[in-house]
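Got the model open in your viewer? Keep the selection box handy, and we'll go through it stop by stop.

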Amino acid sequence: MKLIVPSLEIIESHILTLRGHRVMLDSHLAELYGVTTKVLVQAVKRNIDRFPGDFMFQLNEQEYESLRSQIVTLKPAGRGQHRKYLPYVFTEQGVAMLSSVLRSKRAAQVNIGIMRAFVKMREAMIAHKDLSRRLNDMERKYDKQFRVVFDALRELMEPPPAPPKKQIGFVRERE
């Protein structure tokens, strides 16, 4: 029987940045590992000594509400459909530790995929920093006639601005 491991793109879409760390939500990890969130959290709590604060932490209310507004984490209303507790998030080291807690072939294969996704993201960040450094070096080296080219390159390297938020509700025009 062949194990189906999620693609790097799917895994990368589940990696978030919170409190300055790249992390994954417990519910996303549970989905990838093929277990329920409850089972994943229970396994972690039974081995809590393996998960210090820099491997795993629990979101606060504000962080959770912010995430809920960005990504749909609640199912349609119904008994037992909503989380009772705030979710946990796992850093790269915490995800690596999960494979030793969830001892299955699927967990090992998914963990390999997740580690590759983290490495790919780290390499992309390093390449971006290296490109920026090289551009700065070139700008210092060449005269002002290339200033327009360097400015255009910098503009292309910047992420696109966030679209303006639409205002909800009735807006009365002022006279």
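**Stop 1: helix H2.** Select Asp26, His28, Leu29, Ala30, Leu32 and Tyr33: these are the buried residues of H2, where buried means under 20% relative accessible area, exposed means over 50%, and partly exposed is in between (1.4 Å probe, protein chains only). Helices (H or I, at least four residues) and strands (E, at least two) are DSSP runs numbered from the N terminus. With 6 of its 8 residues buried, H2 (residues 26-33) is largely enclosed by the rest of the structure. Glycine 34 comes right after H2, and its phi is positive, near 80°.

A word on what you're looking at: this is a predicted model, in which local features need pLDDT of at least 70 and side-chain atom pairs count only at pLDDT 80 or more, while totals for chains, interfaces and linings use all residues. Residues are numbered from 1 along each chain as its sequence is written, and side-chain values use heavy atoms, with hydrogens and water left out.

**Stop 2: aspartate 26.** Stay in H2 and pick aspartate 26. Is aspartate 26 buried or exposed? Its relative accessibility is 0%, so aspartate 26 counts as buried. Now show its contacts, meaning heavy atoms within 4.5 Å. Leaving aside neighbours within four places in sequence, aspartate 26 is in contact with Thr37, Leu40, Val41, Arg83, Pro87, Tyr88 and Phe90.

**Stop 3: leucine 40.** Hop to leucine 40, which lies in helix H3. Leucine 40 is buried too, with a relative accessible area of 0%. Which residues does leucine 40 touch, not counting those up to four places away in sequence? Select Asp26, Leu29, Ala30, Tyr33, Val35, Phe90, Leu98 and Leu102. For a distance label, try the C-alpha atoms of leucine 40 and serine 27: they are separated by 8.5 Å and 13 residues apart along the chain.

**Stop 4: strand E4 and its partners.** Select residues 88-91, strand E4. Tyr88 and Phe90 point one way, Val89 and Thr91 the other way, and all are buried. Next, add the strands that pair with E4; two strands pair if DSSP finds at least two bridges between them.

- E2 (residues 21-25) pairs with E4 in the antiparallel sense over 3 bridges. Methionine 24 has phenylalanine 90 as its bridge partner in E4.
- E3 (residues 56-58) runs antiparallel to E4, joined by 3 bridges. Methionine 56 also has phenylalanine 90 as its bridge partner in E4.

**Stop 5: the aromatic pair.** How many aromatic pairs does a search of the whole structure find? It finds 1. The ring centres of phenylalanine 51 and phenylalanine 90 are 5.9 Å apart and their planes are at 80°, so the pair is edge-to-face. Rings of Phe, Tyr and Trp (its six-membered ring) pair if their centres lie within 6.5 Å; planes under 30 degrees apart count as stacked, over 60 as edge-to-face and the rest as tilted. Phenylalanine 51 lies in the loop between helix H3 (37-46) and E3, and phenylalanine 90 in strand E4, so the pair ties together parts that are 39 residues apart in sequence. Color both by accessibility: phenylalanine 51 is buried at 4% relative accessible area, and phenylalanine 90 is buried at 1%.

**Stop 6: the E1–E2 hairpin.** Select E1 (residues 15-18), joined to E2 by 4 bridges, with the two running antiparallel. Isoleucine 15 has methionine 24 as its bridge partner in E2. The two strands form a hairpin with 2 residues between them. Click on arginine 19 in the loop: its phi is near 50°, a positive value in a residue other than glycine. At 45% relative accessibility, arginine 19 counts as partly exposed. Over in E2, find leucine 25, which counts as buried at 3% relative accessibility. The C-alpha atoms of leucine 25 and glutamine 58 are separated by 9.6 Å, though these residues are 33 apart along the chain.

**Stop 7: the second largest pocket.** To finish, select Thr17, Gly20, His21, Arg22, Asp54, Thr91, Glu92, Gln93, Phe118, Met121, Arg122 and Met125, which line the second largest pocket. On a 1 Å grid over the protein atoms alone, a pocket is an open set of points where a 1.4 Å probe fits, with protein on both sides within 12 Å along at least five of seven lines; lining residues have an atom within 4 Å of a point. The volume of this pocket is about 210 Å³, counted as the space filled by probe spheres set on the points, which are joined across faces, edges and corners. Which helix gives the largest share of the lining? That is H6, with 4 residues.
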